[in-house]
Amino acid sequence: MRPFEPRLNDGMTAAEPIPAFVVVNTAGTVIGWTADTERLTGYTADEVLGRPGTRLLPPPDRSGWLRRLKEEERLSGLSEILCRDGHSVLVRAEGAKMLTALAGDAWLVSLVPAIGDLFGGAGSLLERLLTHFPVAMAFWDRDLRCVWRNAAAESLEPAFPHYRIGASLHDPIAGYDTTTIRETMRGVLETGKPAVDREARAFPADGRGELTLSISLFRLDGVEGQPLGICSLALDISRSQARDRLTLLREAGIRIGSTLDVKRTAQELADLAVPILADYVTVDLGEEVMPGSEPLQRLTATSSSIPVFRRAGVASVHDDAPESLWPRGHAVFVPPSSPFTKVLDSGESHFEPVMNTRPGSWLDEDPDRARMIHHTGMHSLIIVPLKARGELLGVAVFVRHENAQPFTTDDLLLAEELVARAALSLDNARRYTRERNAALALQRNLLPRNLDGGGTLEVASHYLPSDLHEGVGGDWFDAIRLDDSRLALVVGDVTGHGIDAAATMGRLRTAVRTLAYLGLRPHELLARLDDLVARLSDEEAADGEPRDATGATCLYAVYDPATRRCTMATAGHPPPAVMAPSGEVHFPNLPSGTPIGLGMGSFESLELELPPGTVLALYTDGLIETRQADLDAGMDRLGTALAGAALPLNDLCAHVIDTIVGDTPAEDDIALLMARVPHKDPPS
């Protein structure tokens with residue numbers, strides 16, 4: 001189809017429709033032809049007079065127009081006219097019957113390029129409106145070639161080159177894949193079903209960033225319903241408020257609660273809401289949600305305000321949030337008559353599109369806030385309670401001062417949706433923090449506080465809890481003084497994390513100490529421990545359902561200073577590292593044993609001679625195993641960290657942890673127990 005370009009008239013882009021007339025008899029034979037028709041089609045009068053006029057029509061249109069010439073009194077509709085050069089022109093045909101002296105009944109048909117007179121007599125006016133319509137509009141022929149566009153569509157050409165008159169979506173352009181839009185247009189042409197709100201993205205060459213369009217497509221039909229082409233409407237939604245809000249909710253699902261850290265989750269909520277929803281946002285939480293701080297009840301109230309929250313998150317369109325009267329972590333004071341306390345009492349949001357800052361409001365009792373509100377021009381306020389599982393955790397406050405538009409009810413709904421998502425994440429973080437702190441406290445109380453080698457061995461230890469979400473594990477270590485100046489060293493790791501793992505660790509440590517005092521050899525002690533744990537698990541089964549067996553690994557070693565020999569056995573635990581006085585490190589090949597708690601393990605002991613100056617390193621797998629490396633690679637790293645390190649034992653412990661773990665978060669709990677054989681025999 002030949003593109004139609006409107007002409008400029010008095011500085012405006014508009015079409016001046018020039019009718020082309022043709023006269024045909026009721027049989028469809030051309031009996032009249034004008035110069036304008038010749039200019040439109042390229043055919044001269046000699047080439048068409050006395051010949052069927054249907055030769056000017058595409059085959060699908062011919063039968064329909066012949067039928068209408070015979071049956072109807074007036075003709076009106078869109079059609080294509082085939083030009084002499086093989087192109088086609090979309091026209092609006094208007095016909096009226098007339099009586100001729102020579103041919104009798106005939107039709108006078110006017111042909112006007114459709115874009116110039118698409119809407120009949122009002123065509124020029126409507127085209128002027130369409131040309132300056134802010135939504136990008138274009139027409140595409142059946143070959144998906146752009147044949148008309150308005151000014152808004154023309155402005156898109158730098159980002160979408162196919163909006164150029166005459167350009168086809170089949171034309172290859174580097175960096176542009178039009179496969180999807182071509183398939184969509186073909187579907188609209190075939191079915192006639194519009195495609196609405198299809199998203200398309202491009203990156204303009206002028207560096208303006210990503211441009212996003214919402215495109216709707218409609219089929220343009222001819223007289224008999226045959227498709228003539230496609231009308232496209234494109235709306236730039238790159239900075240659409242609705243799109244920004246959908247993006248905000250999508251980002252909230254991804255970013256809020258990315259960690260089980262209360263303060264970080266609160267800050268994520270504040271950061272997300274600025275500036276799309278508000279200019280200034282605070283998230284204030286009750287002290288039970290932010291443990292580890294001084295209780296608010298101990299803080300002194302002012303004459304008009306009391307400490308109710310702690311600031312957990314704050315964000316602003318201005319750097320460093322100058323609007324915030326309190327930094328993160330500090331107590332937040334509010335007057336009893338303020339909307340903050342009313343939200344806490346009612347559990348309902350406070351919505352104040354236009355803030356009441358006149359004398360006589362609650363701000364009279366809060367001069368500091370009043371000064372800040374007047375100074376920054378705060379004018380619209382939303383306060384939403386942070387509620388999760390029936391508990392009120394705090395409030396989120398949304399304020400506008402740079403954005404002159406007041407909050408709407410849609411803004412309130414969006415704020416409540418964001419806060420609801422954040423509240424669940426905050427509650428999860430709070431529960432995790434509470435359980436983690438309890439497990440840490442339990443574990444620290446159960447682990448030995450003052451290791452004592454009794455002069456038999458110099459001992460030192462280091463415990464590092466995991467920084468990941470699984471919670472505190474059940475790692476433990478101990479040094480147990482036995483008869484005849486012997487010293488037992490033990491390190492173990494309970495399966496799982498949390499309070500249950502810490503409690504199980506305490507039971508196992510107590511059981512090992514009790515069995516150690518019986519003077520059992522290492523393999524005998526592990527066998528007794530395995531049987532004991534399996535029996536306890538069976539006895540604690542509830543309702544006939546067997547409990548999950550308690551799993552644990554353990555390494556138990558006994559050093560005898562009289563012989564300088566160390567006897568050790570393992571229950572599924574990695575072997576110790578042995579650093580000789582020369583600085584060389586090796587890992588003894590201990591007989592394997594099954595983990596504790598299965599009730600089916602058999603264990604064997606291995607005896608080593610430890611010369612003076614020898615260092616033993618017993619550890620849990622958190623030290624040597626990561627998600628990126630297996631145990632063998634971790635043991636190599638441990639050997640390298642130990643080799644030739646002539647340091648005091650406590651310093652050597654810290655050196656090993658720093659070398660292997662460094663500043664990266666520990667993926668699992670780490671327990672390290674080190675012992676050095678003295679150069680002098682211990683006193684008898």
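The exercises below work through helix α15, several salt bridges, a surface patch and the overall make-up of a predicted model.

Residues are numbered from 1 along each chain as its sequence is written. Because this is a predicted model, local features need pLDDT of at least 70 and side-chain atom pairs count only at pLDDT 80 or more, while totals for chains, interfaces and linings use all residues, and side-chain values use heavy atoms, with hydrogens and water left out.

**Exercise 1. Overall make-up**

State how many helices and strands the protein has, and what share of its residues is buried.

Solution. Step one is to count elements, taken as DSSP runs numbered from the N terminus (helices H or I, at least four residues; strands E, at least two), which gives 15 helices and 28 strands. Step two is burial, where buried means under 20% relative accessible area, exposed over 50% and partly exposed in between (1.4 Å probe, protein chains only); of the 684 residues, 49% count as buried. Step three concerns contacts, meaning heavy atoms within 4.5 Å: among those with a separation of 6 or more, 61% join residues 24 or more positions apart.

**Exercise 2. Helix α15**

Test whether the span of helix α15 agrees with its number of residues, and determine where its buried residues lie around the axis.

Solution. The expected span is 1.5 Å times one less than the number of residues, so the 12 residues of α15 (residues 649-660) should span 16 Å, and the end C-alpha atoms, 17 Å apart, agree with this. The buried residues are Leu649, Leu652, Cys653, Val656, Ile657 and Ile660. Seen down the axis, they fall within an arc of 135° and so line one face of the helix, the arc being that of the directions from the helix axis to the C-beta atoms. The face turned away from this buried side carries the exposed residues Asn650 and Asp658. On the buried side, the partners in packing are β19 (458-464), β24 (577-579), β27 (615-619), α14 (631-642) and β28 (670-676). Just after α15, Gly662 takes a positive phi of about 65°.

**Exercise 3. Salt bridges within and between elements**

For the pairs Asp36 with Arg39, Glu268 with Arg264, and Arg565 with Glu609, give the N to O distance and the elements involved.

Solution. A salt bridge is a side-chain nitrogen of Lys or Arg within 4 Å of a carboxyl oxygen of Asp or Glu, and the structure holds 19 of them. In the pair of Asp36 and Arg39, the closest N and O atoms are 1.9 Å apart, and both residues lie in helix α1 (residues 35-41), three residues apart, about one turn of the helix. Asp36 is partly exposed at 26% relative accessibility, whereas Arg39 is exposed at 60%. For Glu268 and Arg264 the corresponding distance is 3.7 Å, and these two residues lie four residues apart in helix α8 (residues 262-273); Glu268 is buried at 10%, while Arg264 is partly exposed at 46%. An α-helix has 3.6 residues a turn, so residues three or four places apart point the same way. The side chains of Arg565 and Glu609 meet at 3.6 Å, N to O, and this pair links distant parts of the chain, from strand β23 (residues 565-571) to strand β26 (residues 606-609), 44 residues apart.
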